There are 2 protein chains.
Amino acid sequence: MTVTTPAGFRSAGIAVGLKSTGKPDLALVVNDGPERASAVVFTSNRAQANPILWSRKVAAEGAARAVVLNSGGANCFTGDFGYETTRLTAEAVASALTAEGGDTVDAEAVLVCSTGLIGAGDQAFRDKIVNNVPALAAALAADDTTAPAAILTTDSVEKTAVHEGAGWTIGAMAKGAGMLAPGLATMLVVITTDALLDDEALDRALRRATDVSFDRLDSDGCMSTNDQVTLLASGASGVTPDENEFAVALAGVCEDLSAQLQADAEGASHDIDIEVRGAASVEDAVEVGRSVARNNLFKAAIFGNDPNWGRVLAAIGTTDAAFDPYQVDVSFNGVRLCHAGGPDRPVTECDLTPRRTRVEIELFAGTHAATIRTNDLTHDYVHENSAYSS
Amino acid sequence: MTVTTPAGFRSAGIAVGLKSTGKPDLALVVNDGPERASAVVFTSNRAQANPILWSRKVAAEGAARAVVLNSGGANCFTGDFGYETTRLTAEAVASALTAEGGDTVDAEAVLVCSTGLIGAGDQAFRDKIVNNVPALAAALAADDTTAPAAILTTDSVEKTAVHEGAGWTIGAMAKGAGMLAPGLATMLVVITTDALLDDEALDRALRRATDVSFDRLDSDGCMSTNDQVTLLASGASGVTPDENEFAVALAGVCEDLSAQLQADAEGASHDIDIEVRGAASVEDAVEVGRSVARNNLFKAAIFGNDPNWGRVLAAIGTTDAAFDPYQVDVSFNGVRLCHAGGPDRPVTECDLTPRRTRVEIELFAGTHAATIRTNDLTHDYVHENSAYSS
């Protein structure tokens, strides 16, 4: 199980015809309580999809009760019609949950997420979602395993993670295989917990977790318009964990999902961890790591199993971080190839054939460190992204 | 002719074995006066090659008399040994010019440029250059046409430009096919003129010209460590042109060379001009254009002849420029595909098969405009840059 591992949650995933393949494309996660605390982080891209515009309002209200997610269309730059589609989707979910009996559910308590092609979201798209929400709600189950598949786009595998705490648990599902570069969050992620924590504690823990996980995943430098990471807490365990312990566990879940996203990045043949050490600040370490992660010449070299340390230095030289470019060490997979402004060990000592690649950059400017996860630039990346919408 | 078109200049290009192909790889341009005014702009990358470190000192002194350029090795991150190689190269040129008779030439009046692989610059590299400078000087000629070929690396064609003014002329040669993204300058360029202008006037004109030409060429987002644009004036025409007229002519020459560099970018199958209009400032227009030029998903889509306007909006949404993302028009090759936050004309009306591609972005936020030149992301780009050093 995944988002239903913690007590107090049901989920479902069904196929409604949004994907031309006929695969599942509509998912729902419901928090059955007794508490309904939540925290959400959104893309920092100013170009935001209609579900983001809607969900920001829901998140501001607090008390989110459910999140409905579709693949097969981003509903971004689809105008007022697209926003109305999002609103109608939330209303349909609220009606279906209200029809279960119990209290009345407001549409404003339903988060909406969409993923797929920008510009896609016509009448047929709306009808397929809204008309099928009753069937989706009918499929809700506390032991559901179908939701993770329904949010995938070009992903090749489902991404899930679970953490067992002392009397409480965290469950999560994610999608993402391209357009992976964060502002705040990236990709679609739903995390559930039965821990008893309020909105503020969840928000602190979620921001702390995303800051060191999804925010440091930078597969292709391209920030999405639809990213949303949702954390829902049911309180069903009755246990209030130590806040720091919960935050560390949540960060672990998010790092686990980040590694799964990196490993499934479109067309990649190497998973590259760029570890920057000796930085004057964490911000400097992140800036330096990101400059390398976004350098196409570096990324193409790794694809060719070429430990091209010169391209690392050319990349970090464009940053404002504090360091002396002529006093930097650069290692590939444990072999130090550059030391003190010149070549060190022969590049022939370095084997880049394994998929997992580690680049270490020692700046000698301080005591801070950060690791940025990225991928190589491959023929398959170019192919998949030139054919995406056709 | 090229850099020797203006009166008062000689040049030469010979093969000294730096390139494994045996092609010409060492060039020299000499200003024979009567005046020796100059202006130089350098890469803004903090990781700078030894010839850049040397040439900055020469440029600060003024009165540059010659520029010697090699391909087949960048002499970057080669330590003190590499810097000494650059100094010895300048000394050898100074000695050879002094030996011609006339006044004594100082090494500090000789600019040095290098291009090729970072980290390359050993004893053999030094010997091939320094020992062959006398032969290079002996080949100097006022009607030389061999210099432009000797500075090429992965370039497929020579790049030259000439402008005929009223009694004065400008000549230029350039190299550059990858790592094309500017801070101040990009690639190696030597521009000569027989106009009678002082250092200050040349500097103003050169900065104005590079700002609207090389600085707006962003083929792959990767800034080089060795970029240098040199302007030498001999005053041999005896004519002092109107400064504005000269600046406009110089900008024209630089734009001409920029277009040639764009057209020869490694592996590219489309030359893309991103024209941003309606911006609140020129800086905003450049920032918006550059965000699109550096978006791999956009660049891969163009390779696939896919007018993916959604990726344009996702890219510009990451900028701080003043505009409303939901009030932007985006056109591809004259067909408006996005209007007011939604789809406009069908993408099927848009033909992206021609190599030249025009993307117009209307921000509706002001009256300023800028055009950024870039290229698509192709299989050949990945191939060429994964195999570069092997």
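Q: Two strands pair if DSSP finds at least two bridges between them, so how many bridges join strand E10 of chain A to strand E14 of chain A?
A: Seven bridges join E10 (residues 271-279) to E14 (residues 356-362) in chain A, and the two strands run parallel. Among the residues facing each other, A:Asp273 stands opposite A:Arg358 in E14(A). The labels come from DSSP runs numbered from the N terminus: helices (H or I) have at least four residues and strands (E) at least two.

Q: What should I know about the model itself?
A: This is a predicted model, in which local features need pLDDT of at least 70 and side-chain atom pairs count only at pLDDT 80 or more, while totals for chains, interfaces and linings use all residues. Residues are numbered from 1 along each chain as its sequence is written, chains are lettered from A and ligands numbered from 1 in the order in which they are written, and side-chain values use heavy atoms, leaving out hydrogens and water.

Q: In what order do the six strands of the open sheet in chain A lie?
A: Reading across, you meet E13-E12-E11-E14-E10-E15 in chain A, with mixed pairing. Strands E13 (342-343) and E15 (368-375) of chain A are at the edges; each has a single partner strand, so one side of each lacks a neighbour in the sheet.

Q: Which strands of chain A does helix H7 lie across?
A: Helix H7 (residues 243-263) of chain A lies across E10, E14 and E15 of that chain, at about 35 degrees to E15(A). Such angles run from 0 to 180 degrees between N-to-C directions, with axes fitted to C-alpha atoms (for helices, over the stretch in contact). H9(A) packs on the sheet too, touching E10, E11 (329-332), E14 and E15 of chain A at about 125 degrees to E10(A). Contact here means heavy atoms within 4.5 Å.

Q: Which way do strands E11 and E12 of chain B run?
A: They run antiparallel: three bridges join E11 (residues 329-332) to E12 (residues 335-339) in chain B. Across this pair, B:Ser331 faces B:Arg336 in E12(B). Helix H10 (residues 309-316) of chain B packs on the sheet, touching E11, E12, E13 and E14 of chain B, and makes about 135 degrees with E11(B).

Q: By what turn can chain A be laid on chain B?
A: A turn of 180 degrees, with a shift of 0.0 Å along the axis, gives an RMSD of 0.0 Å. The superposition is by least squares on C-alpha atoms of residues with pLDDT of at least 70 in both copies. The two copies are therefore related as by a two-fold rotation axis. In chain A, the C-alpha of A:His379 is nearest the axis, 2.6 Å from it. The same surface serves both copies, as 100% of the contact residues of chain A recur in chain B.

Technical notes: Two strands pair if DSSP finds at least two bridges between them.
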